[in-house]
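The following paragraphs explain how a pair of helices meet and how nonpolar residues are grouped in this protein. Please keep the model in view while reading.

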Amino acid sequence: ERLYQTRRMLNSILSQSSGKAAKSLALEEARRWEAKGESSRALTYGEVDFWSFAHILHQAGVTDATNFYDLGSGSGKAVMIAGLGFGVKNATGIEIVPQLHTCAVSRLRRMCESSSPPTRTALKSISQQPDDGSKVAIFNFQTEKEDSSTVASSRITFILGDIFKT
């Protein structure tokens, strides 16, 4: 049930801003890099298919104790599937393209504002803060477990920055 609710919520948000728009943002940034004489190979963009990615996470044994990282998280779809669909402890997306980072943060914010997150999950807080020149957006959720007696906390974090810069 949780995956179906997450899928409905993502579809609603994605219909407002398609993967094609996110791909266009990545292509624009690649052109800017090439104009500066830098290689744009690192900016290859692709969207995950919801059910295929959910199947991969299931086969990998992802649980609410899992820490999930997506390096080059783009518009955040994989991070949202892991965080909201599977309720992982921490789902973190790291993106180098500012426009894609902004897209991911605004998608998740709109999803939280427009409808309630998956069954028994509540958004507890959102914080955005500078972190050594990077932008960080943290969404904290609290989920009531099936037995209704325990509560699990999960966090979705989007980070803008080049983690390999020295």
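Two helices count as oblique when the angle between them is neither under 35 degrees, nor over 145, nor from 65 to 115. In this predicted model, the axes of helix α3 (residues 50-59) and helix α4 (residues 77-85) come within 10 Å and cross at roughly 55 degrees. The helices α3 and α4 are therefore oblique to each other. The crossing in which α3 passes α4 is right-handed.

On the side of α3, the contact is formed by Phe50, Phe53 and Leu57; α4 contributes Lys77, Ala78, Ile81 and Ala82. Sorted by class, this contact of α3 with α4 comprises 6 nonpolar residues, 1 charged residue and no polar ones.

A wider grouping can be considered next. In soluble globular proteins, nonpolar side chains tend to be buried together. Here, the largest nonpolar core contains 29 residues. Those with the most contacts inside this core are Leu57, Phe68, Leu108, Met111, Phe139, Ile156 and Phe158. Two or more residues of the core come from each of α1 (2-16), α3, α4, α5 (98-114), β4 (134-144) and β5 (151-160). The element that gives the most is α4, with 6 residues.

Leu108 illustrates how this core is connected. When its neighbours within four places in sequence are set aside, Leu108 is in contact with Met80, Leu84, Phe139, Ile156 and Phe158. A second core, separate and made up of 8 residues, includes Ala22, Trp33, Tyr45 and Val97.

Note on methods
Residues numbered from 1 in each chain as written. Predicted model: local features only at pLDDT ≥ 70, side-chain atom pairs only at ≥ 80, totals over all residues. Heavy atoms only, no water. Axes fitted to C-alpha atoms, helices over the stretch in contact; angles between N-to-C directions. Helix = DSSP H or I, 4+ residues; strand = E, 2+ residues; numbered from the N terminus. Left-handed = near helix turned anticlockwise from the far one by under 90°. Contact = heavy atoms within 4.5 Å. Nonpolar A, V, L, I, M, F, W, Y, C, P; charged D, E, K, R; others polar. Core = buried A, V, L, I, M, F, W, Y, C linked by side-chain atoms within 4.5 Å. Buried < 20%, exposed > 50% of the residue type's maximum accessible area, 1.4 Å probe, protein only.
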